[in-house]
Amino acid sequence: ELNMSLKLEGIGALLTTEDDYAKIVSLVPGGPAEKSGRIDPEDKITRIKQEDSTEYVDVIGWRVDEVVDLIRGKSGSSLDIEFIPSDSEDNSSRKIVNLIREEIKLEDRAAKSSIHSINILDQEYKIGIIDLPTFYIDFNAYQNRTNDYKSSSSDVKKILEDFNENSVDAVILDLRNNGGGALIEANKIIGLFVASGPTVQVKHSAGYIQPYGDSKATQVWDKPLLVLVNRYSASASEIVAAAIQDYQRGIIVGQRTFGKGTVQSLEDIS
């Protein structure tokens, strides 16, 4: 939920898990990790030490969310992280980086677009590219029924309307490295490309199956569509790509995706 509203306090790095290690996938531009100049994608985290501790905590074999819990914390506080550098041949070398946490504004994780002209058989075509790093929504503003709350679906809708005005011929929706986010946003984004219908169904513990989708969807884009995915496209990204594929609405290009076939909900308990 922190990530979905595009602000959190930490070092500004996106992590995944691979072979018992939490591993850096990408760095948020301008965040502490990038500014250090010493951390690279594919670096693996081995140990973490907080500023008020003398001991390092060994995090090899930990779940990625448990590692993230150690890395997140109050702005201004510091921590030392020990890494295996990405270019280490046999996992034997180590480097320690000291970082001071900041509030990370993830505006650069918001949807971005560009238009490119290409020539095919002496005919010029305009290709619109939408780069969507995460399915974000300002939950607080949404729950308070604020009208113009920040969300990925409203940003993508504006981009598509702009593409229509500029006579764009085809769209590439880039979901590479998009680890997911809000299900409501995934459904609304599918609804911009496919008129309506179920997008995903959830089987509850009681046994009944609930289909999800945007019943009030108004299709904004009806021209050709290509969805770009890679092995870090997970969760909501996979729901969007699968719906576009199942409705034969567009072509999916890239690698086999992450394979996270679950939907979670946050429940308040007394």
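Contact here means heavy atoms within 4.5 Å. With that in hand, we can tour this predicted model in a handful of close-up views.

**View 1. Helix α6 and its surroundings.** Let us start with a helix that is mostly covered: in α6, 8 of the 11 residues are buried. Which residues of α6 are buried? They are Ala236, Ser237, Glu238, Ile239, Val240, Ala241, Ala243 and Ile244. The cover over these buried residues includes two helix and strand neighbours you will meet again, α5 and β14 (225-229), along with β11 (170-174), β12 (200-203) and β15. Just after α6 comes Gln248, which has a positive phi, near 50°.

**View 2. Helices α5 and α6 side by side.** Here helix α5 (residues 183-193) packs with helix α6 (residues 236-246) at an angle of about 25°, and their axes are 9 Å apart. Angles under 35 degrees count as roughly parallel, and α5 and α6 are therefore roughly parallel to each other. Their crossing is right-handed. From α5, the residues making the contact are Leu183, Ala186, Ile190 and Phe193, while α6 brings Ala236, Ile239, Val240, Ala243 and Ile244. What classes of residue make up the contact of α5 with α6? There are 9 nonpolar residues, no polar ones and no charged ones.

**View 3. Helix α5 and what encloses it.** Now keep your eye on α5: 9 of its 11 residues are buried, so this helix is largely enclosed by the rest of the structure. The buried residues of α5 are Leu183, Glu185, Ala186, Asn187, Ile189, Ile190, Gly191, Leu192 and Phe193. Where do they pack? They sit against the helices α4 and α6 and the strands β11, β12, β13 (209-212) and β14.

**View 4. Helices α4 and α5.** Another helix pair comes into view, with α4 and α5 packing at an angle of about 20° and their axes 8 Å apart. These two helices are therefore roughly parallel to each other, and the crossing of α4 past α5 is right-handed. On the α4 side, the contact is made by Ser152, Ser153, Val156, Lys157 and Leu160; on the α5 side, by Glu185, Lys188, Ile189, Leu192 and Phe193. Sorted by class, the residues in the contact of α4 with α5 are 5 nonpolar, 2 polar and 3 charged. Look for Phe193 in particular: this residue takes part in the contact with α4 and also in the contact with α6.

**View 5. The sheet of five strands.** This open sheet has 5 strands in the order β9-β10-β11-β14-β15, and its pairing is mixed. Why is one side of β9 and of β15 left without a neighbour in the sheet? These strands stand at the edges, each with a single partner strand, so nothing in the sheet pairs on the other side. From one strand to the next, the twist averages 25°. Helix α4 (residues 152-165) lies across β9, β10 and β11, and runs at about 170° to β10.

**View 6. Two strand pairs from that sheet.** Strand β9 (residues 112-120) and strand β10 (residues 123-131) pair in the antiparallel sense over 9 bridges. As one landmark, Ser113 has Ile130 in β10 as its bridge partner. The hairpin of β9 and β10 has 2 residues between the strands, and there Leu121 takes a positive phi near 50°. In contrast, β14 and β15 pair in the parallel sense, over 4 bridges, with Val227 opposite Ile252 in β15.

**View 7. Gly250 in its loop.** Find Gly250 in the loop between α6 and β15 (251-254). Leaving aside residues up to four places away in sequence, Gly250 touches Leu225 and Ile244. Gly250 and Phe193 are 57 residues apart along the chain, and their C-alpha atoms are separated by 9.1 Å.

**View 8. Strand β3 and its partners.** Our last stop is strand β3 (residues 21-27), where 5 of the 7 residues are buried, so β3 is largely enclosed by the rest of the structure. Strand β2 (residues 13-18) runs antiparallel to β3 and is joined to it by 6 bridges, and Leu14 stands opposite Ser26 in β3. The hairpin of β2 and β3 has 2 residues between the strands, and Asp19 takes a positive phi near 50° there. How many bridges join β3 to strand β4 (residues 44-50)? There are 2, and these strands run antiparallel. The bridge partner of Ala22 in β4 is Ile45.

Key:
Residues numbered from 1 in each chain as written. Predicted model: local features only at pLDDT ≥ 70, side-chain atom pairs only at ≥ 80, totals over all residues. Heavy atoms only, no water. Axes fitted to C-alpha atoms, helices over the stretch in contact; angles between N-to-C directions. Parallel < 35°, antiparallel > 145°, perpendicular 65-115°, else oblique. Left-handed = near helix turned anticlockwise from the far one by under 90°. Nonpolar A, V, L, I, M, F, W, Y, C, P; charged D, E, K, R; others polar. Pairing = 2+ DSSP bridges. Buried < 20%, exposed > 50% of the residue type's maximum accessible area, 1.4 Å probe, protein only.
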